[in-house]
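Pull up the coordinates in your favourite viewer and let's take a walk through them. We'll go along the strands, then into the hollow parts, then over to the rings.

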Amino acid sequence: MIKKSFIILGISAAYFVNAQDISTLRNTAEIYSNSSLNGTAKYNAMAGSMGALGGDFSVLNSNPAGIGVSIASEMSGTLAIQNSKNTTSLAGKSIDYKVNRTDLGNVGGVMALKIDGSSPWKFVNIGVNYSNQSIEDYSETPGNNKVNFNLYNSDNQLVDNIAFVGHAYNRYGDLSKMSVAVGGNYDNRIYVGAGLNFHSAVIDQYDSAAFDSSTNNTSSIYNKQYTPFSETSNGFSASVGVIGKINSQFRLGAALETPTWWSISRVYNEYLNPTNGTYTEDRNLSSPMKATLSAAFVPNKNFAINVDYSLGLTKPKYKVYGNAETELNNFFSDHSKNLSEVKVGAEYRIQAFRLRGGYGFASSPFDSMSISAFTDSGSAANTSFNNLIVGKRSTIGAGIGYDFKSFYIDAAYQNLSSEYKSPFLRGFASNNTGYFSSDNDIIEIDAAIVSNVKNTRDNFFITLGWKF
């Protein structure tokens, strides 16, 4: 068999990790380093902004001291209906793809233990929160036949010309987090809490490109080296927090969550090894430590508004077993920035009715970068990109609820939107990063194709709860 290769000269994109595909970078930042998960319908309607208010066990996602605010025991379950749409554009063309998923998104409760007597400690509470969400994502880039290549055999003879006709990143999986915490109420003025968090993720990742042959008018599919891959991961973190009443109307909160220490087991495909097949490897990752500052204004029993600001204090870091982890760490050290997020949420009560709303904004975890990329005309040039790999994210929430005293029902709607630049295709056989066909033909390209992806999520939540 003649091994075929395609080499396009251009400016080297040094930031691309030589032994990794782009999806590894994206999953590290988007899944393993982002502990923001859905909660109850009330929590989601307020965009997750409850750090200084508390009173809902989903606040364990931001400040465990919020458990100490509860004065009654409760438990609830939340049905999550998740709808995600990607619109991927390149060279004036776009492809839409929708994913719909219905799950038990959240379940948990608080056990409120009142302390009688003259002690300044009024309550010691125990809270449990479990959140689960789908991380399924499919982004298909349309083709551009102006990006084409001559195909030569080993004798450097021209045998074909092929054109790029499409690419897909395809991810399946789920992300979950279970938190267990203890919170205390000191003299109805200071609330403290500490919790343990247990994380898990299951990921199946695909990265493939298609090309048309001008000789026989057939299409061939090429898979990125080391893909498809599957990961099963478990992580652990701890959190502490405090909420203080400045006066009857103002509250301040602060919380700190340690890095999540992930153990990742991966099964992947290898195409260059003479015994082509699947292989396994283990990795250990520390996600960023996170701090959250909160403030709340509660002028009366009918209205409350809360603001949370979260900041990543460190950067993702892999335990080094070889060159791959060293290159990943160098990339995050040089090109990532501390993730920051601001969230605002409010609730208004009209007797037994509840009206809620919220807004959140999260920055991109990566700096602007310049890489060698193809233009729409098919030439390669050094180009600077914002929001490369992962972009900024905006969240809008709204919800209603009704309190039946012993029972309650809440409903919420969330719209999340983000837009980012998606690079792919660059790779070399010499360092095991090219794209391989089923018969081990290799595509090597010293430039990336970069498409634009706009993601929109419309999520609905219904919570049924019981107070006792």
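In which loop does asparagine 217 lie? Asparagine 217 sits in the loop between β6 and β7. Keep in mind as we go that this is a predicted model. The phi of asparagine 217 is near 55°, a positive value in a residue other than glycine. With a relative accessibility of 69%, asparagine 217 counts as exposed, because the cut-off for that label is over 50%. The hairpin of β6 and β7 around this residue has 5 residues between the strands.

From that loop, step onto the strands themselves. β6 (residues 190–213) and β7 (residues 219–224) run antiparallel, and 5 bridges join them. If you want a spot to click on, alanine 210 stands opposite isoleucine 221 in β7.

β6 has other partners too. Strand β5 (residues 158–186) runs antiparallel to β6, and 24 bridges join the two. Leucine 175 has alanine 201 in β6 as its bridge partner. β5 and β6 form a hairpin with 3 residues between them, and aspartate 187 in the turn has a positive phi of about 60°. Asparagine 188 belongs to the loop between β5 and β6 as well, and its phi is near 55°, again a positive value in a residue other than glycine. Asparagine 188 is partly exposed, with a relative accessible area of 39%.

Then there is strand β8 (residues 229–245), which runs antiparallel to β6 and is joined to it by 16 bridges. Here asparagine 197 stands opposite serine 237 in β8. On the way from β7 to β8 you pass through a loop that holds proline 228. Check the backbone there: the peptide bond from threonine 227 to proline 228 is cis, with omega near -5°.

Now for the rings. The structure holds 20 aromatic pairs. Take phenylalanine 164 and phenylalanine 211: their ring centres are 6.1 Å apart and their planes are at 65°, so this pair is edge-to-face. Phenylalanine 164 lies in strand β5 and phenylalanine 211 in strand β6, so the pair ties together parts that are 47 residues apart in sequence. Both phenylalanine 164 and phenylalanine 211 are buried. Ring pairs also link Phe164, Phe211, Tyr222 and Phe424 into a cluster.

Some rings have a charge for company instead. Arginine 266 lies over the face of phenylalanine 229, at 3.8 Å from the ring centre. Arginine 283 does the same with the face of tyrosine 318, at 5.9 Å from the ring centre.

What about the open space? The largest pocket has a volume of about 1000 Å³. Of the 39 residues lining this pocket, the closest to its centre are Lys42, Gly54, Gly55, Val69 and Arg349. Among the elements that give two or more residues to the lining are β1 (74–90), β15 (340–350) and β20 (407–424). By class, the pocket lining divides into 14 nonpolar, 12 polar and 13 charged residues.

There is enclosed space to look at as well. The count comes to 7 cavities of 30 Å³ or more, and the largest cavity has a volume of about 780 Å³. Of the 44 residues that line the largest cavity, those closest to its centre are Asn34, Gln133, Arg393, Leu416 and Arg457. The largest share of this lining, 5 residues, comes from β20. The lining of the largest cavity has 15 nonpolar, 19 polar and 10 charged residues.

Two last stops. Helix α1 (residues 22–32) is mostly covered, with 10 of its 11 residues buried. The buried ones include Ile22, Leu25, Arg26 and Tyr32. Finally, glycine 465 is found in strand β23 (residues 449–467). Why does glycine 465 count as buried? Its relative accessibility is 6%, and buried means under 20%, so the label applies. From glycine 465 to leucine 339 you cross 126 residues in sequence and 33 Å in space, C-alpha to C-alpha.

How values were computed
Residues numbered from 1 in each chain as written. Predicted model: local features only at pLDDT ≥ 70, side-chain atom pairs only at ≥ 80, totals over all residues. Heavy atoms only, no water. Buried < 20%, exposed > 50% of the residue type's maximum accessible area, 1.4 Å probe, protein only. Helix = DSSP H or I, 4+ residues; strand = E, 2+ residues; numbered from the N terminus. Pairing = 2+ DSSP bridges. 1 Å grid on protein atoms, 1.4 Å probe; cavity = no way out; pocket = protein on both sides within 12 Å on 5 of 7 lines; lining within 4 Å. Points joined across faces, edges and corners; volume = space filled by probe spheres on them. Nonpolar A, V, L, I, M, F, W, Y, C, P; charged D, E, K, R; others polar. Phe/Tyr/Trp six-rings, centres within 6.5 Å; stacked < 30°, edge-to-face > 60°. Lys NZ or Arg CZ within 6 Å of the ring centre and 35° of its normal.
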